[in-house]
Amino acid sequence: MITMKDIVREGHPVLTKVAKEVELPPTKEEKETLQEMLQFIKNSQDEEIAEKYQLRAGVGLAAPQIGISKRMIAIHFQDLDEKEYSYGLFNPKIISHSVAETFLSGGEGCLSVDREVPGYVPRYQKITIKATDLEGNDVKLKLRGYAAIVFQHEIDHINGVMFYDRINKQDPFAIPENSKPCD
Ligand SMILES: O=C(O)C[C@@H](Cc1ccccc1)[C@H](O)SCc1ccccc1
Ligand code: NI
């Protein structure tokens with residue numbers, strides 16, 4: 001079972017490397033790892049389990065965050081319309097995106113960053129991604145708003161990009177052109 005001791009923290013080189021494509025079909029071990037990543041996110045949202053194992057709540061996790069430099073991400077959350085997103089994905093890729101941008105007015109956090117980093121993180125408002133899921137199916141997801149933000153945060157991780165890399169250094173709260181807050 002993955003717990004916080006398995007989460008790599010900022011400063012570790014694996015977080016700023018571009019992770020390797022997973023050769024498909026994935027090995028049994030790669031599938032098990034991705035399943036464990038998804039289970040960690042679900043556990044982190046379960047009050048009792050999170051309390052018992054002192055898990056920090058998360059909605060996504062990328063393999064580099066557990067020290068594995070492979071293109072695998074796990075995402076689990078319900079958006080405000082109660083739509084559930086629960087995916088373990090191999091080799092996710094953004095194949096198209098809007099010009100328009102968005103951001104969370106409260107900024108972003110990260111399970112690998114044990115500090116507050118204030119500022120808006122500009123993200124695309126809409127994205128289309130393709131990937132392979134845990135059952136080996138090709139998936140194509142059209143995402144917008146908060147879901148688009150979560151998936152972009154996790155895809156950044158497999159490209160070695162941390163959320164604070166995207167914050168405007170001169171003015172962290174500058175509102176990017178052609179953007180609107182997501183919340
Ligand atoms: O570190 C991670 O990759 C998990 C992040 C993902 C994330 C952060 C900010 C915005 C979108 C996605 C964690 O989920 S950070 C903690 C958290 C928990 C619940 C809701 C939002 C963020
Ligand atoms: Ni993160």
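1. I begin with G107, which counts as buried at 14% relative accessibility, where buried means under 20% relative accessible area, exposed over 50% and partly exposed in between, with a 1.4 Å probe and protein chains only. G107 sits in the loop between β4 and β5, the elements being DSSP runs numbered from the N terminus, with helices (H or I) of at least four residues and strands (E) of at least two. From C-alpha to C-alpha, G107 and Q39 are 26 Å apart in space, with their positions 68 residues apart in sequence.

2. A word on conventions: this is a predicted model, in which local features need pLDDT of at least 70 and side-chain atom pairs count only at pLDDT 80 or more, whereas totals for chains, interfaces and linings use all residues. Residues are numbered from 1 along each chain as its sequence is written, chains are lettered from A and ligands numbered from 1 in the order in which they are written, and side-chain values use heavy atoms, with hydrogens and water left out.

3. The metal site deserves attention. The nickel ion (ligand 2) has as its protein donors C110 through SG, H153 through NE2 and H157 through NE2, at 2.1 to 2.3 Å from the ion; donors are N, O and S atoms within 2.8 Å of the metal (3.2 Å for Na, K and Ca), and since water is not among the atoms, sites may look incomplete. The spacing of these donor residues in sequence reads C-x42-H-x3-H. Because C110 belongs to the loop between β4 (101-103) and β5 (123-124) while H153 belongs to helix α3 (residues 145-158), the pair ties together parts that are 43 residues apart in sequence. C110 is buried, its relative accessible area being 4%, and H153 is buried as well, with a value of 10%.

4. As to the overall fold, the chain holds three helices and eight strands, and along the sequence they follow the pattern α-α-β-β-β-β-β-β-β-α-β. Contacts, meaning heavy atoms within 4.5 Å, are counted here at a separation of 6 or more, and residues 24 or more positions apart account for 72% of them.

5. On dimensions, the radius of gyration of the chain is 16 Å, which agrees with the value near 16 Å that a compact globule of 183 residues would have; the radius is taken over C-alpha atoms, and the globule rule is 2.2 Å times the number of residues to the power 0.38. Taken along the principal axes, the C-alpha atoms fill a box of roughly 45 × 35 × 35 Å.

6. Of the 183 residues, 49% count as buried. The chain exposes about 9900 Å², and carbon and sulfur atoms supply 49% of that area, computed by the Shrake-Rupley method with a 1.4 Å probe, where for residues only the protein chains shown count as cover. The mean positions of the 23 positive and 29 negative charges are 6 Å apart; Lys and Arg count as positive and Asp and Glu as negative, while His and the chain ends are not counted, and each charge is placed at NZ of Lys, CZ of Arg, CG of Asp or CD of Glu.

7. Some backbone geometry merits a check by eye. Most residues other than glycine have a negative phi, and most peptide bonds are trans. In this model the peptide bond from L24 to P25 is cis, with omega near -5°, and P25 falls in the segment before α1 (28-44). Positive phi values occur at E82, near 70°, and at N91, near 50°. E82 is in the loop between β2 (72-78) and β3 and counts as exposed at 58% relative accessibility, whereas N91 is in strand β3 and counts as buried at 10%.

8. A100 lies in the loop between β3 (84-97) and β4 and is buried, with a relative accessible area of 18%. Leaving aside residues up to four places away in sequence, A100 touches R123, Y124, Q125 and N178. The C-alpha atoms of A100 and Y146 are separated by 14 Å, the two residues being 46 apart along the chain.

9. Finally, the segment before α1 includes M1 and E23. M1 touches D6, E36, N43, I49 and Y53, again not counting residues up to four places away in sequence, while its C-alpha atom is separated by 33 Å from that of Y120, 119 residues apart along the chain. E23 counts as exposed at 69% relative accessibility, and the C-alpha atoms of E23 and V161, 138 residues apart along the chain, are separated by 22 Å.
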